[in-house]
Structure formats: C-alpha cells, structure tokens
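Reader: Hey, I've got a structure open and would like to talk it through. Can you walk me through what's there?

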Amino acid sequence: MTLKTMLLGAVAALAISGVANAETLTIATVNNGDMIRMQKLTDDFTAKNPDIKLEWVTLEENVLRQKVTTDIATKGGQYDIMTIGTYEVPIWAKQGWLLPLDNLGADYDVDDLLPAIRSGISMDGKLYAAPFYGESSMIMYRKDLFEKAGIKMPDAPTWDFVADAAKKITDKGNEVYGICLRGKAGWGENMAFLTATSNAFGARWFDEKWNPQFDQPEWKNTLDFYVKLMNEAGPPGASSNGFNENLALFQSGKCGMWIDATVAASFVTNPKESKVADKVGFALAPDTGLGKRGNWLWAWNLAIPAGTQKAEAAEKFVAWATSKAYTELVASKEGWANVPPGTRTSLYNNPEYQKAAPFAKMTIDSINAADPTKPTVKPVPYVGVQFVAIPEFQGIGTAVGQQFSAALAGQITVDQALQSAQQLTVREMTKAGYIK
Amino acid sequence: MARKVSTSRKLTFTALAWIVAFLIFFPILWTFLTSFKTEAEAVASPPSFLFFDWTTENYAEVQSRSDYFKHFFNSVVISLGSTLIGLLIAIPAAWAMAFSPTKRTKDVLMWMLSTKMMPPVGAMIPIYLIFRDTGFLDTRTGLVVVLMLINLPIIVWMLYTYFKEIPGEILEAARMDGASLSQELTQVLAPMAVPGIASTVLLNIILSWNEAFWTLNLTASKAAPLTAFIASYSSPEGLFYAKLSAASTMAIAPVLIMGWFSQKQLVRGLTFGAVK
C-alpha cells in the first residue's frame, strides 16, 4: 500500500466519521408564512454548521400544541427544539421543562428584544425561549368606506367611536358589514379577542384570590356591547368566524373594520391576495377611557426541552433563527416587508423596514401598549393579556368561549352565557385547588 | 302499463342514486377543484366552480416543501403491515369462534368490540409512555402494532360473520374425507372465504391509511405517514386552503385508485355473504 493510498483512506475514514458524527436536530414548528420561509433559508445555517442537520416537523397550531405538550410532559424526547407560544413558556419554565437560554452568543443582543415580549418569556430574569415573531392586535379599516361615510379614524379610537362608525358604514344590501370580529368558540379564538377586549372595559378573569369575575358588571358590559355591535353591524354567521374567515371577508371587501392580529396587516395589504390592498388603514385597538386598550400580545418562540441530548447544537440554531443576522438574511432574499415582525427594537428603528411596511409603527405601538403582567385595570393574580397563563385555561377558556359564541348566535342570552361561564369556571377552579 | 311504471320507478331510483352518490362524492370533488385554485380564489365568495384560472402552483409548492414519497412509503408500510399481521391473528380466532363456539363466544365478541367504544385519547398517555420506554416512538413498527391492535376487533368481527355463513357440514365432509386441520383451513375454508377476507383486507387498509389520531401523536419525522403530511398544511392564521387541498388530493389519491379498481370485490364482500 502506497503512502498516497493510505492517506486517501485516512481522509475518507475521517470524512465518514464526520458524517456519522453529524447531529440531527428535530424541530417541531407551526405552519405559518414566517416559519415556512425560515425552513427555506436554513441552508445558511447548515453551511455555517456543517456538523448539524435539521429535520422539520411542521404542523397546524392545535395539533402541534397537543403533540409537543404530550412529549414534554412525558419527557418523550422526540424534539430538540419546539415552537411554542407565550401561553406555554411561563407554565413550562415553572415546571422545569425548558432549558434556560444562557449561551445565545456575544452578538445576540438580548437587550434589543422588545421588553413586552421579553417579559412574557422570562422567569427570574432568565430567558426560557427566544421569540421568532411577535404580534399584537389592532384595527384594520377601509379608508375608502370611511371617506365615503364622512368619518375620520383617529389613531387611538374609543369603542364608542368604533361602534358608531361600524353602524354608519354598514350596507347589508351590498354585503358590506361595518365590523368583523371573531366569534368561533375556543380559548385562542373568540376568547383571545374577548379577553383582550374585556381588559379595555375594566373586566378581569379572576380577582386576587382566584375568584371568577363573570358575575361582575364589567363582563356584562363587555359582552352586551359585543353582541349588540355584531348583531347590528357584523356579518351573518359571525359565531363561526375565526381569523381565516374574517381574513377572507376583509380581503374580498366585505368588512369596514377588522380587529385582529397585527400579522394580518401583511396579508390584507398584499395585492396578490387582497382586493382592497391599497385601501387599508391601521389604528390602535379601541379603549373605553379606562387606561387599557383591548390589544393582545402573542409571540411564537423557539424553546429547548430539558430532555434533549443536543442542547448545545439546539441553542446554536435558536440563536441563528432569532438573530438580527437572520432578519437581514430574509430582507436580502425576500425584501424587508417579509422579515418576521414584533421581536426586536432595532427592526422598528430601521428606515428601510419603515418604508417597506406601512403597518410597522402601529404594530410596535400596539405591542408596547400591552403589558402581560398588568393586563387590565384592576390587579390580577395571573400573567397574560388575552389568556391566563395557568394549565387549566385551555379547557376553561374553550368552555366559556362556547357560551359566548352561543350568545352571539342568539341561542342563549348574554345573562345566561355569563351565568354558565361563572358556574363552570368556579367549578373547575375549585377542582384544581385555586379556590379553597 | 305495468312495464311503464316500473321503468319510471327505475329511472327515479337511478336518478336518486346518482344524486346521493354525487352528494357523498362532492367534498372530494371540491377538494380536487380547490387544489387548482390560487389561495385568493379558494376563499372567494361566491365560489367559482369550474371557471377560474387553473394553476398547478399548489402541487409544485407542496412538492418543494415536503417529501411526499417518504410519507407515502410510511403510509404503505403501516397500513399493509398492520392489516396483514391482524389477519394472521384474526383468521384462527374467527375460525374458532365460528365453528367451535362456546357459551361465552358472543360475550367475547362483544367485549372485543367494546374496546372500540373508548375514545382513543383515553389510552393516549399510557401508550405514549410504553412507546417511550420501548423505543417505539416515531417508528413504523410501533405504528404497525398500534393500528393492528385497534383494528383487530373489526377484522375478527368481519371474518367471523363471513365464516359463520359457511355451512359447518362442508368442513365436516372434508374431515370425513380425511382432511387434516391445516388442509381443512387452507383447502376448504380459505377458498370459500376469499371474498370475505379480501374485503376485510381492503377495508382495513383504508381504515389504517386514514387513521389520524395515533399516526399523528406517536410520530415526529421518521415514521410520519400521509396524515402528518396533510396536517402540516392546515393553519388557523393564514390562508392555506389551496395548498391543503393539493396535499389532501395527493394523500387520498392512492387509496382512491385502489378502491376504484377493487370496488367489485369490496362491494361483493360487504353486501353478500360468503356462500352465495
């Protein structure tokens, strides 16, 4: 055997062992535009980290939640990185299910993360997930319809103004409805919207001793207002409308106003999808003068389960996907309008982004106006603006949402809905040990 | 006159049958049509039925985003594997219950069926933990075992009803002629039961192919079948209907084609007894 052959053999063996040593990260993620874009851009990461391979599990939000919750609760260890919402992070961090993110790298700039988002995913000053994209809610409205009706939308309207404007621009004969709001039952569907709205009306889910508050006048005001407004100025069948149904209605020109996630702004202003792309204006979610706006706060975050064997590689990936450099990568390949929004202050100071995204200012103002630790007027024992970050909330929130959806559909009265909501919440909270 | 009435009755029934068939088929047709629309057209109201700009971009997008053939292969292995192993266990069981029934046979059958009445989520955590500890999570073998077990009551029941219709005298005659037990099973019983076994196989392949609770919850990336492929295109925030329709069409096409070619066998097995 010549020296050359031996050398070649040694190089080949090294190469093979290199491949064999490559770590594969299994990443569970949610199906939305920003996440899909990231999957397409991961060549940049694997080129910089040839020893790490990526395996994607992309799922619809509810299926994803069910799967990752089962896996983390049983320490199944199927995933090295999980995409989770701001609802899960504080609960899971408290259980010790997530690794703190201490080694995101020197150039990560943690202080650049938006304070409202950062506070929702930290515990004892430590970050337990890294935000990939964040959102709040705001009003999207049709400038042309407002002009026609002779009304001008202020930047920060009140609910009374919104209700009045909705009635004025409603033209049921031509299938134009003043306002489109969520009505489909679910803790992340109508209850996200109604919980956030109730904050503006001064309502709260629980008092400081975890007693449910649906028997208080603030909740009655909220639900009365919502049901009356939707009956007068909402689309037919609103009790089965969620984000996608309202998006389709707004894009086809059937809604005067739509209050929903800020992420919708990029859809309704996209001329490829929307018939009203050039006629959309934005305003902050409405208030009632009590000092709180009905806008929520949500972020999809990347987190590392405590059971993973590949923590170091996983943290490298999380740092890459949520870094400033990733934002610039998206901007260079797909334009500034497509970068994941709502996580970093620097993005909103970037003049190029401000130019490409007309909704940038309203998005950042909405996110900054939400405070998950002080969501409503009165003090509360929980964290979360449009949800209550306790494990029981998914079940209770959906059950209450079904009552409110039935009230919107006219199957029961507002009083009956509130009474049932109060009863079932008291029962569940007592069973769970919150109410002694 | 009598002939005329019967013709018009025939026509009415035929028309009625076509209408019912169309209603049942409509969701699949609508999914197929939507898969050729753009996302904006997919949610347009009023919807366009045939007159839209047909596009294949959704299929191209689905193809570029996911590995269809990996999921397809997993679906084939899981549905065929679980059905075949299920048959191996169910044929002797159904044979015993049909030809040598005891006082408790009916109870045993009912008990087997009753396991199908529990919502699967009730057994989810114990099974997940067993799978975690045995290393079966995200493996095709694990899914074959689970789907075989959940479909076993149906396989046993179907085979039992077919076997019941084979007269015991035929088997007795075979025994009189000196046939051994294995000869009796393979040369007498099996040929007579072929239509029943075939329709059982087809039905169970379809059931396993469409099973979307265990296949979604017990897999991650390696063993994920076509159900997981479809689930990756659904979204509560953002419009994915056209892409979801394209993914669904690709996922159901193989089983639809299989059903089409074997429909004679399937209908015969499901509607007639073994000995007709």
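Reader: Let's jump right in. How many bridges join E1(A) to strand E2 of chain A, and do they run parallel or antiparallel?

Author: 8 bridges join E1(A) to E2(A), residues 52–59, and the two strands run parallel. Strands here are DSSP runs of E with at least two residues, helices are runs of H or I with at least four, and both are numbered from the N terminus. Two strands pair if DSSP finds at least two bridges between them. One caveat up front: this is a predicted model, where local features need pLDDT of at least 70 and side-chain atom pairs count only at pLDDT 80 or more, while totals for chains, interfaces and linings use all residues. Residues are numbered from 1 along each chain as its sequence is written, and chains are lettered from A and ligands numbered from 1 in the order in which they are written.

Reader: Good. Which residue is the bridge partner of A:Thr24 in E2(A)?

Author: A:Thr24 is partnered by A:Lys53.

Reader: And what about E1(A) and strand E3 of chain A, over how many bridges do they pair?

Author: E1(A) pairs with E3(A), residues 81–85, over 2 bridges, in the parallel sense. There, A:Ile27 faces A:Ile81.

Reader: Why is E1(A) described as largely enclosed?

Author: Because 6 of its 8 residues, within 23–30, are buried, the rest of the structure largely encloses E1(A). Buried means that 20 or more other C-beta atoms lie within 10 Å of the residue's own; 12 or fewer makes it exposed, in between is partly exposed, and C-beta atoms are placed from the backbone.

Reader: Switching strands. How many residues of E8(A) are buried?

Author: 7 of the 7 residues of E8(A), 255–261, are buried, so this strand too is largely enclosed by the rest of the structure. E8(A) pairs with E6(A) in the antiparallel sense over 5 bridges, with A:Ile139 opposite A:Ile259. E8(A) is also joined to strand E7, residues 177–180 of chain A, by 3 bridges, and those two run parallel. In that pairing, A:Ile179 has A:Met257 as its bridge partner.

Reader: Any helix worth a look? How many residues of H13(A) are buried?

Author: H13(A), residues 311–321, is mostly covered, with 9 of its 11 residues buried. Among them are A:Phe317 and A:Trp320, as well as the charged pair A:Glu315 and A:Lys316. For classes, Ala, Val, Leu, Ile, Met, Phe, Trp, Tyr, Cys and Pro count as nonpolar, Asp, Glu, Lys and Arg as charged, and the others, Gly among them, as polar.

Reader: OK, zooming out. What are the domains of chain A?

Author: The assignment gives domain 1 as 3–135 + 298–356 and domain 2 as 137–296 + 364–431. Those bounds come from an automatic or database domain assignment. The domain centres, taken over C-alpha atoms, are 31 Å apart.

Reader: How many residues of each are in contact?

Author: 14 residues of domain 1 of chain A contact 17 residues of domain 2 of chain A. A contact needs C-beta atoms, placed from the backbone, within 7 Å of each other. On the domain 1 side, H5 (88–95), H6 (115–120) and E6 (130–142) of chain A each supply at least two residues. H6(A) has the largest share there, 4 residues. By class, that side has 9 nonpolar, 4 polar and 1 charged.

Reader: What secondary structure does chain A have overall?

Author: Chain A comes to 19 helices and 10 strands. Of its 436 residues, 50% count as buried. Its C-alpha trace spans about 90 × 55 × 35 Å along the principal axes.

Reader: And chain B, how many helices and strands?

Author: Chain B has 13 helices and 0 strands. Of its 276 residues, 34% count as buried. The C-alpha trace of chain B spans about 75 × 70 × 30 Å along its principal axes.

Reader: Last one. How many residues does the contact take from each chain?

Author: It takes 26 residues from chain B and 27 residues from chain A. On the chain B side, H2 (39–42), H6 (124–134) and H10 (214–217) are the elements giving two or more residues. H6(B) contributes the largest share, 4 residues. That side divides into 14 nonpolar, 7 polar and 5 charged residues.

How values were computed. Two residues are in contact if their C-beta atoms, placed from the backbone, lie within 7 Å.
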